[in-house]
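This report is written for a reader who is beginning to study protein models. Please look over the sequence and the structure before reading on.

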Amino acid sequence: MFDFTNLKTPCYIIDEKKLTDNLETLHGIEERTDCKILLAQKAFSCYHLYPLIGQYISGTACSGLYEAKLGYECMGKENHVFSAAYREDEIDEIISCCGHIIFNSFNQLESYGQRVLKAGKKIGLRINPECSTQEGHEIYDPCSPKSRLGITLKNFQPDKLDGVTGLHFHTLCEQNSDDLEKTLDAVEEKFGDYLRRMEWINFGGGHHITRADYDIQRLEKCIRHMQSEYGLEVYLEPGEAIALDAGYLATRVLDLTENDMPVAILDTSAACHMPDVLEMPYRPPLLNSGLPDEKKYTYRLGSQTCLAGDVIGEYSFDKPLEIGDTLVFKDMAIYSMVKNNTFNGMPLPSIMLLHSNGEVEAVREFGYSDFKSRL
């Protein structure tokens, strides 16, 4: 295991070998099925690594103008975009950066579709199969009641499909391929007739393909079914799967206090550096630790910010923590750098790259000017 103790904290460390292992898994699926896999940049946008990622998969997926420009400039392969609504002052630049523009409503299609066609780009529509397969994460469930994402069958207008060549759905979040299979059944039941009029389909993201227990054979079966039954080109746009377990967040213990239990104050923050801890909620794995009371010494780990609820969680250790100890959280490449912030004047963690040969490269360091420039 790499020695994290000499790094200036807090910092993210991207593990090049693990990232490459994930990419090889995804590339294998592309090779065997002739599908195309795109990096969903909303989960991982460390463009320093786009040249590496682009060696293995087909391109990028975007949620708006800035991500569209980033994918276009830094990977330069296929670039697909979906937004719940596009802005008049941005749509032309988005079209110039992307080959596939996916609309969330027929209103948006009517407003901008002709511009897309005139530019020689492809039009898609996002559908909502109204098939929820998630439990307990409504904030991440596009099929939840009153969802604003995707066109339901009731609101679908087949007489307005001229120029539309593809359908897109995104219903999963950190799920296995059995949930994809269930979703595809709903898609076919509701939209099967329209699929026969299309050239491509996008399965969206949320596929935890590089997780150890993920059923890749079932995924490939789903892909081949849509290819053979409807003659469709198949796209997937996972974000987490590309950088799953491929990053760390190193932090140091600044102080130790006591209030009903031992408390360690760290130089990192759930609210600022790992927001999913509070949003999901989510308990990030921590090297050499256990569940509360699993090991001899249990601590609540919190931040130096003034937010009372800025607590990462409770962890146990084999020996007492000491001020100055380095702690290392795992799986910190995804939804961390893209969502972090400078609340309370907290410094942004540096971004480091741990190369396969063991060398560490400083990709980006941040300071006061980064805080000030955002205000």
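The text below treats the overall form, then the salt bridges, and finally one loop residue.

**Basis of the report**

This is a predicted model, in which local features need pLDDT of at least 70 and side-chain atom pairs count only at pLDDT 80 or more, while totals for chains, interfaces and linings use all residues. Residues are numbered from 1 along each chain as its sequence is written, and side-chain values use heavy atoms, with hydrogens and water left out.

**Overall form**

The protein chain contains 11 helices and 16 strands; helices (H or I, at least four residues) and strands (E, at least two) are DSSP runs, numbered from the N terminus. Along the principal axes, its C-alpha atoms fill a box of roughly 65 × 45 × 40 Å. The radius of gyration of the protein chain is 22 Å, which agrees with the value near 21 Å for a compact globule with 375 residues. This radius is taken over C-alpha atoms, and the globule rule is 2.2 Å times the number of residues to the power 0.38.

Of the 375 residues, 54% count as buried. Buried means under 20% relative accessible area, exposed means over 50%, and partly exposed lies in between (1.4 Å probe, protein chains only). The accessible surface of the protein chain comes to about 17100 Å², and 46% of this belongs to carbon and sulfur atoms; such areas come from the Shrake-Rupley method with a 1.4 Å probe, and for residues only the protein chains shown count as cover. Among contacts with a separation of 6 or more, 67% are between residues 24 or more positions apart, where contact means heavy atoms within 4.5 Å.

**Salt bridges**

How many salt bridges does a search of the whole structure find? The search finds 21, a salt bridge being a side-chain nitrogen of Lys or Arg within 4 Å of a carboxyl oxygen of Asp or Glu. Three of them are listed here.

| Salt bridge | Closest N to O distance |
|---|---|
| Arg-32 and Glu-220 | 2.7 Å |
| Lys-36 and Glu-233 | 3.4 Å |
| Glu-279 and Lys-339 | 2.9 Å |

In the pair of Arg-32 and Glu-220, Arg-32 belongs to helix H1 (residues 16-33) and Glu-220 to helix H7 (residues 216-230), so parts 188 residues apart in sequence are tied together. Arg-32 is partly exposed at 46% relative accessible area, whereas Glu-220 is buried at 7%.

Lys-36 lies in strand E2 (residues 36-40) and Glu-233 in strand E9 (residues 233-236), so their bridge ties together parts that are 197 residues apart in sequence. Lys-36 is partly exposed, with a relative accessible area of 24%, and Glu-233 is partly exposed at 26%.

Glu-279 is part of helix H10 (residues 276-279), while Lys-339 is in the loop between strand E14 (326-330) and strand E15 (350-354), so this pair ties together parts 60 residues apart in sequence. Glu-279 is partly exposed at 39%, and Lys-339 is partly exposed at 25%. Elsewhere, Glu-181, Asp-215, Arg-218 and Lys-221 are joined into one network by salt bridges that share partners.

**A loop residue**

Where is Glu-199 found? Glu-199 is in the loop between helix H6 (177-195) and strand E8 (200-202), and its relative accessibility of 43% makes it partly exposed. Not counting residues up to four places away in sequence, Glu-199 touches Lys-122, Thr-165, Gly-231, Leu-232 and Glu-233. From C-alpha to C-alpha, Glu-199 and Ser-83 are 21 Å apart in space, with their positions 116 residues apart in sequence counted as the separation.
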